[in-house]
Amino acid sequence: MKVLFVEDEPVLADEMLNYFSNQGYLCESACNYSAASEKIANYNYDIVVLDIGLPDGSGMRLIPSVVAQSADTGILIVSAKDSLNDKLEGLNLGADDYVTKPFYVEELNARLHALYRRKTLKGSHQIVFDNFVIDPQSKTLYFRNKEISLTKKEYQLLLYFIINKERVVSKPSIAEHIWGDYYDELDNFDAVYVHLMNLRKKLTKTSGKDYIKTVYGMGYKFSA
Amino acid sequence: MKLLTKTSLHYFWASLLLLGIFGTLLFVLLKKEISLEIKEQLELQVDLIGEKLNDGATISYPLVDITKVNQAYQSNFRDTSIFDRKQNVAENYYALTEYVNIKKQTYAVTVMTTYIGWNEYLETIGLTFLGLSLLLAVTGLLVNYVVSRQIWKPFLQNLATLKNHSLASDNELTLQPSDTEEFEELNKVLIDFASRAKTEYHALQEFSENSSHELQTPIAIIRARLESISQHPLDTESIRYLNDAKTAIERLSKVNKSLLLLTKLRNGHFPDVQTVCIDKPLLQHIEQLDELYINRELRLKTSIKTSCTKASPYLLEVLLSNLLSNQIKYAPKSSTVSISLDDNALIFTNAGPPLSFEEDRLFKRFVKGKQEQSGAGLGLSIVMQICKLHGWNISYAYHNQLHIFTIRFN
């Protein structure tokens, strides 16, 4: 997966490049409008992650040129503004998704993946780990061609873990992924725990291997 | 007391005082003038009697007394009283005694005339004046009412306009013009005041919005770095410190997001308003929160009918999630919570002890219960603003140990 990160904030650019390179993506970055528009004009990307608040222009104006270059390129807007207007305008211009700062890189990764599957792989893609196969289209999990029944949330959780494998994922990150960031003042970490334990049991029972490790005080880590 | 009543009352007391003074003055002057006139008349009478005496006539008139005296004195004009046989009362009289010399004999001639009923005069004048002052006051009052109604009309209308005017709205303050100089001046001052207050309000709004924006990126950086640190093996102590920092940044992030939303709500621009059926997202949210009900052993009673209205789907999500999490958070373990929706209203009910603060502060920002640690107390304030924006009416009641939130769609 070839990704361009347009982000003017060096620390955030560094975080994203660091994480996504480790995930095996081909990453490039641009820290302003002009650098970004040059890269967009010269190269093809599977996905462009676009911060719209750039020092020398609105990232919004880059969307049409990305679309013109290749209609298959997924565009994900990142904004500090959390503005519905921006979101609607961006989506109208041809962006595919919208994430508000501050975000978890795991969440961004999940969005990138979904976008990549949808736009580049056109949905025809299966995720494989060990003897497990996930079919994202039917949202089902198979172990040696046998379907393992998962609840909706267990499935979401599994996908989140697989996409962010070998990464310590914190409880708030999981909670935000499953429930969204609407539930402001709700303590849903207990619920995270319950779903996680159920998923863990199912995976262990089927394969005899414990994929999800608890990292003391930090969260959970999925290793295939 | 109304201004009109006040001025009328003042007017009445002033006219009473003035008329009192002038009544007294009138009485005193009148008395002096008439006494003088009577004295002159009596003097003339004495003169005429003197003439008759000189002619040698015998004088015997009623109320005239002539005595021979040895010596002449200063003439003397005085009040006296004579018993009125007919009326059976002592009547006051004027008496004038003058000494006349006729053919070397001094006579003391005393003439008298009735003292015109001064008491009656006083009474008549007093009553007339009291009547006059009353009449003046009443007339003044009537004139005031009729004229003032006309004059005060624009003022009262403007007062009503001002009562409903909100600095947050985009509408400029428009006031009824008046041909009364003071009111026109007041209007000018008010319009100027409102526009200045509005400018300041918007500046403040912009400030809070900008500061929230500016905070988002540093928060994002801190959070990203803390997550990166979490990827490394750490000792127990460092983990504890790191977790405290993460919890704090989580809270900061949520507060900041809520504040950002609140400023946007007050700006009131939500372009995604469309007809939405509330039951669908409501049921979805309830399903999403499924395990939280189970976890807290809450019995959920629902009565949800299809109900569609014009709303921003985005804000509706925020509203529902806030009310639902509020309900789950505050319902005591193993209690019953209920949600009902129909065309008129959306009602959330949960049990619980009464609020630890005054009811009217419930929807205010940063208000939370005594024991509460998490959350900034912005949720209900956001709910309130969303209702306001859609023209819905939200109310809270505590009844039979139940907290009831009712949103009425109009």
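Reader: What makes the radius of gyration of chain A agree with that of a compact globule?

Author: This is a predicted model, where local features need pLDDT of at least 70, side-chain atom pairs count only at pLDDT 80 or more, and totals for chains, interfaces and linings use all residues. Residues are numbered from 1 along each chain as its sequence is written, with chains lettered from A and ligands numbered from 1 in the order in which they are written. The radius is taken over C-alpha atoms, and the globule rule is 2.2 Å times the number of residues to the power 0.38. For 224 residues that comes out near 17 Å, and chain A has 18 Å, so the two agree.

Reader: Why is α7(B) called oblique to α8(B)?

Author: Helix α7 (residues 313-330) of chain B packs against helix α8 (residues 379-390) of chain B at about 140°, with axes 9 Å apart. Under 35 degrees would be roughly parallel, over 145 roughly antiparallel, 65 to 115 roughly perpendicular, and the rest is oblique. So α7(B) is oblique to α8(B).

Reader: What classes do the residues of that contact of α7(B) with α8(B) divide into?

Author: They divide into 8 nonpolar, 3 polar and no charged. Ala, Val, Leu, Ile, Met, Phe, Trp, Tyr, Cys and Pro count as nonpolar, Asp, Glu, Lys and Arg as charged, and the others, Gly among them, as polar.

Reader: How many residues of chain A are in contact with chain B?

Author: There are 32, facing 39 residues of chain B; contact means C-beta atoms, placed from the backbone, within 7 Å. That side of chain A has 18 nonpolar, 4 polar and 10 charged residues.

Conventions. Axes fitted to C-alpha atoms, helices over the stretch in contact; angles between N-to-C directions. Helix = DSSP H or I, 4+ residues; strand = E, 2+ residues; numbered from the N terminus. Contact = placed C-beta atoms within 7 Å.
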